[in-house]
Amino acid sequence: MAHGHKSDEKVVYVGDSRVVKKTPEQRLIPRDYSAYPGKSEAFIPNFLLKEWMVGVVVLVGMLVLVMSDPAPLGYPADPKNTQFIPMPDWYFLFMYQLLKYPYTSGNYVVFGAVIVPGLLFGGLLLAPFLDTGKERRFYRRPIAASLMILSLVACSYLTYTSWAHYQVELKDKNIVPEHIKREEELHANKGAAAGGGASKDTKKAPAIVAADDPGAEIYKKATCLACHQAGLKGMPSSGVPALLGVGDKHSKDEILGIIKNGKGNMGKQYQANLDKGLTDADIDKLADWLSRQKAQ
């Protein structure tokens, strides 16, 4: 310890027993958790065991949820189903809507599908390197905060618009989404099983009337077969009704009118049948045969 201001004065250091002189190698070794009693614990096994216990609880909860409420799957893929409206998962709806606009689709699809998402996600990756300021309050970072708010507003708007358009399209085409149909069928089957099966007075599907009639052979050549299928069963999953029992709903003249003018999502079929080689007389016989398809 120095006692004066002379430069040549001898300096004597008084040692402190509490200060331990460490070698350079010792300085690189971190202190053990036991040096902080009550403030730390061993990572293995104490801390890791706690994490495993929490993970097991979460995993069991997810398994119970999955087994108690099955995923709402649709029907098996049907390439003939022209009523199906493909939709991405909700978190991609904003991109789905973006690709509907003129300058992000068609000839500009690369711009909408690659360049725009690349800029957005690339900007997120580069943000920590570009914004190196120490300020963390958003109102003190106008550029970063404005870009983030703009992105959130744009994604929210595009997501809402995409879903709203989807709902309007379903309503216009009178389509019930497949996963909703499957869920309704699942609940109906559960209800029937809980009640001891279907009721005794459940009606059976009507059989084909006059299967050997010339109209039946004409049906096999007509355009009706593509959608209403062999056996007049239709494609309920695609919104195509069965023709079994159609005579209970429509007369011969009404069926001819539907063939000529179409109905709902079904277009005009009269000229298409003529193009396939059928004659007016054949179409008349077909309508007559269909009008006789009644429940017995």
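# Briefing: an all-helix chain and its salt bridges

The UniProt record, an unreviewed entry, lists the feature "transmembrane region" at residues 47-67, 108-130 and 142-163. What you see above is a predicted model, so please read the details below in that light. The chain has 11 helices and zero strands, and the notes that follow move from the overall build to the annotated segments, a surface patch and the charged pairs.

**Overall build**

- Starting at the N terminus, the order of elements is α-α-α-α-α-α-α-α-α-α-α, in keeping with a count of 11 helices and zero strands.
- The chain has 296 residues, and 20% of them count as buried.
- About 23,200 Å² of the chain is exposed, with carbon and sulfur atoms supplying 64% of that area.
- Taking the contacts between residues at least 6 apart in sequence, 63% join residues at least 24 apart.

**The annotated segments**

- Residues 47-67, one of the stretches that UniProt marks as "transmembrane region", are 100% helix and 0% strand in the model, and the C-alpha atoms at the two ends lie 31 Å apart.
- Residues 142-163, also on the UniProt list, are likewise 100% helix and 0% strand, with 32 Å between the end C-alpha atoms.
- For the annotated stretch 108-130, a useful landmark is helix H4, which covers residues 109-130 and contains Phe111.

**A nonpolar patch on the surface**

- Leu99, Tyr103, Tyr108, Val109, Val110, Phe111, Val114, Ile115 and Leu119 make up a nonpolar surface patch, and together they have about 870 Å² of accessible area.
- Phe111 is a handy residue to look at here: this patch member sits in helix H4.
- Is Phe111 buried or exposed? Phe111 has 40% relative accessibility, so the residue falls in between and counts as partly exposed.

**Charged pairs around the H4-H5 loop**

- How many salt bridges does the structure hold? There are seven, and a few are picked out below.
- As background, side chains of opposite charge can pair when their charged atoms come close.
- Asp131 pairs with Arg141 in a salt bridge whose closest N and O atoms are 2.1 Å apart.
- Asp131 and Arg141 both lie in the loop between H4 and helix H5 (142-173), so their salt bridge ties together parts that are 10 residues apart in sequence.
- Both partners are partly exposed: Asp131 has a relative accessible area of 27%, and Arg141 has a relative accessibility of 24%.
- Arg137 forms another salt bridge, with Glu135, where the closest N and O atoms are 2.8 Å apart.
- Arg137 counts as partly exposed at 39% relative accessibility, and Glu135 is also partly exposed, at 25%.
- Which residues join Glu135 in a network of salt bridges? Arg137 and Arg140 are linked with Glu135 in that network.

**A charged pair in helix H7**

- Lys220 and Glu217 form a salt bridge, their closest N and O atoms being 3.5 Å apart.
- Why are Lys220 and Glu217 separated by about one helical turn? They are three residues apart in helix H7 (residues 214-221), which accounts for that spacing.
- Lys220 counts as exposed because its relative accessibility is 53%, a value over the 50% cut-off.
- Glu217, its partner, is partly exposed, with a relative accessible area of 43%.

Definitions and conventions: Residues are numbered from 1 along each chain as its sequence is written. This is a predicted model: local features need pLDDT of at least 70, side-chain atom pairs count only at pLDDT 80 or more; totals for chains, interfaces and linings use all residues. Side-chain values use heavy atoms; hydrogens and water are left out. Patches are made of residues with over 30% relative accessible area and no salt bridge: like charges are joined within 9 Å, nonpolar side chains (Val, Leu, Ile, Met, Phe, Trp, Tyr) within 5 Å. Accessible areas come from the Shrake-Rupley method with a 1.4 Å probe; for residues, only the protein chains shown count as cover. A salt bridge is a side-chain nitrogen of Lys or Arg within 4 Å of a carboxyl oxygen of Asp or Glu. Helices (H or I, at least four residues) and strands (E, at least two) are DSSP runs, numbered from the N terminus. Buried means under 20% relative accessible area, exposed over 50%, partly exposed in between (1.4 Å probe, protein chains only). UniProt positions are given in the numbering used here, feature names are shortened, and annotations may be inferred rather than shown by experiment. Contact means heavy atoms within 4.5 Å.
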